[in-house]
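Biologist: Could you take me slowly through one part of this model, the open sheet and what lies around it? I am in my first year, so please build the picture strand by strand.

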Amino acid sequence: MKTLTDEQLKGLLLKGGYITEDDFKKAEKYAKEKRSSIVSYLFFKNILNKDLLGQAVSEFYNVSYADLNSNKPSREQALKIAEPIAKKFRIVLFKSATEGITITTDDPKQAGLAEQLKKLFPAKKITVAYSLSEDIDDVFVYYHKALETRFNEIIKAKKRVAPEIIDEIIADALTFRASDIHFEPRAKEIVIRFRIDGVLREAGRIPKEYYENLVNRIKVKSLLRIDEHLSTQDGSMSHEWKGKKVDLRTSIVPILEGEKIVLRVLATYVQGLNLGDLGLSAQNQKFLEESSKKPFGMILTTGPTGSGKTTTLYTLLKLLNRPESNLTTIEDPVEYKIVGVNQIQVNEQTGLTFAKGLRSIVRQDPDIILVGEIRDTETAEIAVNAALTGHLMLSTFHANDAATAMPRILDMGVEPFLLASTLELIVAQRLIRRLCDECRYSVSVSQEELFKVFKEAPKYFPNEKTTFYKGKGCKNCGDSGYRGRTGIFEFIRATKEIRDLILKNPSTDQIWELARKQKALSLFEDGIFKVKEGITTLEELLRVAQPPLN
């Protein structure tokens, strides 16, 4: 794979009018300060996206752009090129027709490519196109060997067993977009499981005799004690993958069969997200943008661990990140580093708690404050007061739904008049799996069949026959029928009526009853729209959310 120099990249982006000279200077400064890439900055600032970059580079090579992300070839088509040749020249069979074929690569001008293609397809007219490297890597998943097969090859070779096994596990986790990697000791073996799109899947097994070296390797990389086996330990580590640095958060706990490890992958994709990528409806996106433009007040996201609360707030923070504003966060842990934002890491050992950190932040002349989580009364009171005194406050809060969050905050001791004066918006959310675009198909279901699965079906699907979508399962989605996740949301805005109700210290039911009159949709109802649009399945929605009682 040939990487363009910064000067080449600059030239083609300026020539095509994709960026300005000023954009590039800022990108260069960012790349130097953050030891990152120029492209990362351009993506982060929404100056460029993947498709525009692909088109720009294809113009540099004087070939067409093949968007593998939107038009991924089938497994059968891709495997028509043998793995050694495909990976050596980084080529993918993009299109195949009677009159000719289109081959795509991330280096169209590489030596020997034309001769090799003539050997592979001697009687065909060959067109060469350009595709982004990461999209080509996604197609190369079709060549993937099972993890256990690679474990056995490493063990037979008797070389650096622990490092190589860990490399293979992390590489697979990143390839399949896992959010967590679980190492689970059993009596005679270690089970490796990946959490992919919110669901755990077994990835492979390792003989237990190799596990001690594996644990020690992870502890050393995470700067943890290798002589401690009976207490919990938390740390972090970095891993090189395809020329990029990937950050992982390490958690080790002792269980009966040994030490269980979970590695949380801190994905960098958050930097490229915008509000439209989260799954928000046009109306909800408008509510969020309007609330975030106010000079002070409080926006809360609620939901269980892993429901995407922090991602939503980071995406919003990115939108608010302007040179004239002072943005400061206090988090535990700081998961994603954002250029232009002052981020503080909670440290219990030094006494830097959310409450103490927040007190200090208020003295730092902030415009916008993000508190990772409101956990206690002291933090809640300081956060509300900060929102009252001219700051826009963003935070997460653990509550099952938006209506429950208000009574819970009041129960923490916050005065009703303070909450009524500061609250702008409460967002409850969950993550549901998206159907795989490669194997999605439609099916017509009668109301009678639907009723057997879902008793309240007639309320949401009144027609005698309804078209639903399902996933057959393919290599692209690991035979699950799903690939990727999106959010379902419940919004309660602090209207005048809601503020008046807060002053009366209301119950959850009273809040929800008023919100319903103001046309608020529940998590389940927001999900129903995504079912009807073919984004997800009814079964997946029922797994994550339940219909409202009223």
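Modeller: Let us begin with one pairing inside the sheet, keeping in mind that this is a predicted model. Strand β9 and strand β10, the latter covering residues 258-266, pair in the antiparallel sense over 9 bridges, and the two form a hairpin with 2 residues between them. To find your place in this pairing, look for Asp247, which stands opposite Leu266 in β10.

Asp247 also helps with the next pairing, since Ser238 stands opposite Asp247 in β9. Strand β8, made of residues 233-241, is joined to strand β9, residues 244-255, by 9 bridges, and these two strands run antiparallel. β8 and β9 form a hairpin as well, with 2 residues between them, and in that turn Lys242 has a positive phi of about 55°.

On the side of β10, strand β5, which spans residues 178-185, pairs with β10 in the antiparallel sense over 4 bridges. A useful marker here is Ile181, which stands opposite Leu263 in β10.

These pairings belong to a larger arrangement, in which 6 strands form an open sheet in the order β7-β6-β5-β10-β9-β8, with antiparallel pairing. Because β7 (199-207) and β8 stand at the edges and have a single partner strand each, one side of each is left without a neighbour in the sheet. Neighbouring strands of this sheet are, on average, turned by 20° against each other when direction is ignored.

Two helices can now be added to the picture. Helix α9, residues 147-157, packs on the sheet and touches β6 (189-196) and β7, and the direction of α9 makes about 20° with that of β7. Helix α10, residues 161-175, lies across β5, β6, β7, β8, β9 and β10, and runs at about 80° to β8.

With the frame in place, we can look at a single residue, His182, which lies in strand β5. His182 has a relative accessible area of 11%, and because buried means under 20%, His182 counts as buried. The side chain of His182 makes a polar contact, at 3.0 Å, with the side chain of Lys260. If we leave aside the neighbours within four places in sequence, His182 is in contact with Val191, Ile192, Arg193, Leu200, Lys260, Ile261 and Val262.

The same way of thinking about burial can be carried to another helix, α11, which consists of residues 211-221. Which residues of α11 are buried? They are Tyr211, Leu214, Val215, Ile218 and Lys219. Around the axis these buried residues cover an arc of only 130°, which means that they are on the same side of α11. On the other side of α11, by contrast, Glu212, Asn213 and Val220 are exposed. If you follow the chain onward, Leu223, just after α11, takes a positive phi of about 60°.

Finally, a word on the cysteines. Cys436 counts as buried because its relative accessibility is 0%, and Cys439, with a relative accessible area of 7%, is buried too. A disulfide is a covalent bond between the sulfur atoms of two cysteines, and a search of the whole structure finds 0 disulfides.

How values were computed. Residues are numbered from 1 along each chain as its sequence is written. This is a predicted model: local features need pLDDT of at least 70, side-chain atom pairs count only at pLDDT 80 or more; totals for chains, interfaces and linings use all residues. Side-chain values use heavy atoms; hydrogens and water are left out. Two strands pair if DSSP finds at least two bridges between them. Axes are lines fitted to C-alpha atoms, for helices over the stretch in contact, and angles run from 0 to 180 degrees between N-to-C directions. Contact means heavy atoms within 4.5 Å. A disulfide is a pair of cysteine sulfur atoms within 2.5 Å. Buried means under 20% relative accessible area, exposed over 50%, partly exposed in between (1.4 Å probe, protein chains only). A polar contact is a pair of N or O atoms within 3.5 Å; within protein, one must be able to donate a hydrogen and the other to accept it, and residues adjacent in sequence count only if both atoms are side-chain atoms. The arc is that of the directions from the helix axis to the C-beta atoms.
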